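Please open the model in your viewer and keep the selection panel at hand. The stops below say what to select next and what is to be found there.

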Amino acid sequence: MAVCARLCGVGPARGCRRRGAAREQRHGGAGDSEPDTDTDPEEAGGGATEDDEVAERIEGGRPAPHPAEAGPAGRAPLSLLELPPELLVQIFGSLPGTDLPSLARVCTTFRRILRTDTIWRRRCREEYGVCENLRKLEITGVSCRDVYAKRINPRVKSGRYMKILPDYEHMEYRDVYTCLLHRYRHILGLWQPDIGPYGGLLNVVVDGLFIIGWMYLPPHDPHVDDPMRFKPLFRIHLMERKSATVECMYGHKGPHNGHIQIVKKDEFSTKCNQTDHHRMSGGRQEEFRTWLREEWGRTLEDIFHEHMQELILMKFIYTSQYDNCLTYRRIYLPPSSPNDLIKPGLFKGTYGSHGLEIVMLSFHGKKAKGTKITGDPNIPAGQQTVEIDLAHPLQLPDIENLRDFSELSRIVLEVQEQVRREEQEQEHQQEEEDHSQQDASQPAPKCLGAEGAEGEETAAEAEGTTQDKAPASQPFVLPMGVISRNEDYPRTCRICFYGTGLIAGHGFTSPERTPGVFVLFDDDRFGFIWLELKSFSLYSRIKVSFQNAEAPSREAFDEMLKNIQSLAT
């Protein structure tokens with residue numbers, strides 16, 4: 001109550017009782033129900049106040065609204081100003097943080113109440129998930145600090161680590177909201193770094209009182225079912241009350257000075273200002289050995305395949321050029337529909353000598369597409385690695401005949417020929433419709449949107465019919481001669497579909513789509529048999545809950561797919 005009493009102008013603050021008594025004499029007891037006509041000494045004059053700076057950071061320089069007009073003499077009508085201050089704190093705390101600066105310009109009472117830190121703490125928690133207590137960090141600690149202590153310098157204990165952190169005792173949640181969370185809100189979410197054909201997956205999140213960019217890495221080849229690995233690339237936090245600090249986390253010498261620039265909408269870049277922190281005392285050889293253990297979990301002597309050694313060395317040399325400056329482009333998770341075969345999302349899959357790569361599975365009516373988020377010199381990130389034709393399911397032979405590769409190949413090629421005939425018939429029908437519409441004076445009304453919806457409904461009906469005919473699960477085994485990096489694949493499957501896979505030479509030369517078989521094992525795993533390569537890729541879902549990654553609309557997601565594919569091309 002002492003805080004609330006001071007906020008309403010009758011508390012222990014110097015001179016507040018004198019001003020309150022004077023107002024009561026002038027206005028017959030109206031007290032603090034008056035608008036912003038009696039300003040504090042520090043708010044008087046033409047200079048910008050602290051609250052104006054907060055408004056500038058949040059509103060981006062929008063013009064201030066005019067203050068409220070003074071009410072008539074006598075008893076004012078019932079208004080927010082007559083509510084108890086503790087109730088106003090609750091009301092203001094439920095408003096979006098972007099509306100609070102405008103509210104502070106109404107009157108001095110609102111301005112004083114909006115200096116209550118519990119209001120901004122609630123906004124930090126509800127809008128950005130900040131649950132830490134600035135006043136109790138020395139007792140509770142922050143989860144991300146332990147991560148950094150283990151990753152950056154294992155010799156540093158968490159107790160000593162607290163001494164080199166900023167002094168949060170004198171920091172306010174309003175500063176955390178305005179100078180950190182609101183300022184860098186546009187970089188939260190999923191991003192794809194521009195690292196040539198290799199790509200990547202970056203997740204920028206609010207972690208405690210930090211904003212951290214985590215680079216997600218697939219598990220070591222060929223353990224596709226293992227959880228994802230991740231490492232911090234950069235972090236942002238408040239070293240001083242109103243100054244956000246960007247630190248690069250790359251290398252093994254601890255955090256150091258960095259810079260972030262928001263280039264344009266859905267794109268930002270990072271730069272390291274102390275690249276000497278990335279170097280090791282043992283030179284490039286030590287850096288390569290360390291990178292190889294982190295990337296592949298083994299040494300070069302353990303990799304006997306000469307072609308794989310060349311690919312690994314090539315990737316190290318190429319990616320090392322981007323350790324000081326990177327550009328990121330926003331990506332969205334695919335939208336889902338009740339008619340989808342399985343829940344769309346991100347999967348990790350095996351790609352032969354290239355190791356494990358990240359693929360995004362999305363559904364588009366009669367088609368399902370697998371787009372590479374990470375890539376390789378043959379098929380770069382952003383390209384559509386597989387496409388599944390949901391209108392053409394495959395009935396696999398019995399388990400004995402399935403071992404015969406020629407039998408499976410015969411079935412797939414027959415479906416491929418059927419698909420070609422159907423595409424030719426559709427093109428012929430489309431040409432006839434175009435000619436008839438040109439000749440007719442009043443063409444029959446036909447909504448293209450309805451036609452697209454009808455196509456999706458047909459795909460869903462075909463899919464449902466196929467699943468009704470097929471058993472709940474059927475035995476599955478790879479044909480003889482088909483190579484798989486992971487022999488621990490499921491031995492039963494739900495359903496199979498005809499599909500095509502993208503193959504190309506080194507440098508994405510002579511790309512072509514070749515026939516294959518999409519095999520759905522369960523809700524979290526599927527496979528693809530590449531007939532021409534005689535190889536099998538196993539995919540497993542990435543079970544991570546990504547925040548701020550949903551596409552605002554289906555059109556925005558399709559546009560994102562188109563953009564990353566054009567950049568890869």
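Begin by selecting helix α12 (residues 283-296) together with helix α13 (residues 306-319), whose axes come within 11 Å and cross at roughly 110 degrees. Axes here are lines fitted to C-alpha atoms, for helices over the stretch in contact, and the angles run from 0 to 180 degrees between N-to-C directions. The helices α12 and α13 are therefore roughly perpendicular to each other, given that angles under 35 degrees count as roughly parallel, over 145 as roughly antiparallel, 65 to 115 as roughly perpendicular and the rest as oblique. If you show side chains, the contact, meaning heavy atoms within 4.5 Å, is made on the α12 side by R284, E287, F288, W291, L292, E295 and W296, and on the α13 side by M308, I312, L313, K315, F316 and T319. By class, this contact of α12 with α13 has eight nonpolar, one polar and four charged residues, where Ala, Val, Leu, Ile, Met, Phe, Trp, Tyr, Cys and Pro count as nonpolar, Asp, Glu, Lys and Arg as charged, and the others, Gly among them, as polar.

Before going on, note that this is a predicted model, in which local features need pLDDT of at least 70, side-chain atom pairs count only at pLDDT 80 or more, and totals for chains, interfaces and linings use all residues. Residues are numbered from 1 along each chain as its sequence is written, and side-chain values use heavy atoms, with hydrogens and water left out. The helices (H or I, at least four residues) and strands (E, at least two) are DSSP runs, numbered from the N terminus.

Next, select helix α4 (residues 85-93) and helix α7 (residues 117-128), which pack at an angle of about 25 degrees with their axes 9 Å apart. That angle makes α4 roughly parallel to α7. In this contact, α4 contributes V89, Q90, F92 and G93, while α7 contributes T118, I119, R122 and R123. These contact residues of α4 and α7 divide into three nonpolar, three polar and two charged.

Keep α7 selected and add helix α11 (residues 173-181), which packs against α7 at an angle of about 40 degrees, with the two axes 7 Å apart. The helices α7 and α11 are therefore oblique to each other. Their contact is made by D117, W120, R121, R123, C124, E127 and Y128 of α7, and by Y173, R174, V176, Y177, T178 and L181 of α11. Sorted by class, the contact of α7 with α11 has seven nonpolar, one polar and five charged residues.

Now turn to the strands, and select β5 (residues 243-248) with β6 (residues 256-264), which run antiparallel and are joined by two bridges; two strands pair if DSSP finds at least two bridges between them. Here E247 has N257 in β6 as its bridge partner. Adding strand β7 (residues 267-272) shows β6 and β7 paired in the antiparallel sense over five bridges, with K271 in β7 as the bridge partner of H259. The strands β6 and β7 form a hairpin with two residues between them, and D266 in the turn has a positive phi of about 65 degrees.

Move on to strand β16 (residues 495-505) and strand β17 (residues 509-522), an antiparallel pair over 10 bridges, in which G499 is partnered by G516 of β17. Their hairpin has three residues between the strands, and G507 takes a positive phi near 80 degrees there. On β17, six bridges lead to strand β18 (residues 525-530), which runs antiparallel to β17, and D522 stands opposite R525 in β18. A hairpin through two residues joins β17 to β18.

Two backbone details deserve a stop of their own. Most residues other than glycine have a negative phi, and most peptide bonds are trans. Select K534, in the loop between β18 and β19, where phi is near 55 degrees, a positive value in a residue other than glycine. Then select P222, in the loop between β3 (210-217) and β4 (229-240); a cis peptide bond joins D221 and P222, with omega about 0 degrees.

For the last stop, which two rings have their centres 6.0 Å apart? The rings belong to Y351 and Y539, and their planes stand at 80 degrees, so the pair is edge-to-face. Rings of Phe, Tyr and Trp (its six-membered ring) pair if their centres lie within 6.5 Å, and planes under 30 degrees apart count as stacked, over 60 as edge-to-face and the rest as tilted. The pair links distant parts of the chain, with Y351 in the loop between β9 (345-350) and β10 (356-364) and Y539 in strand β19 (residues 535-541), 188 residues apart.
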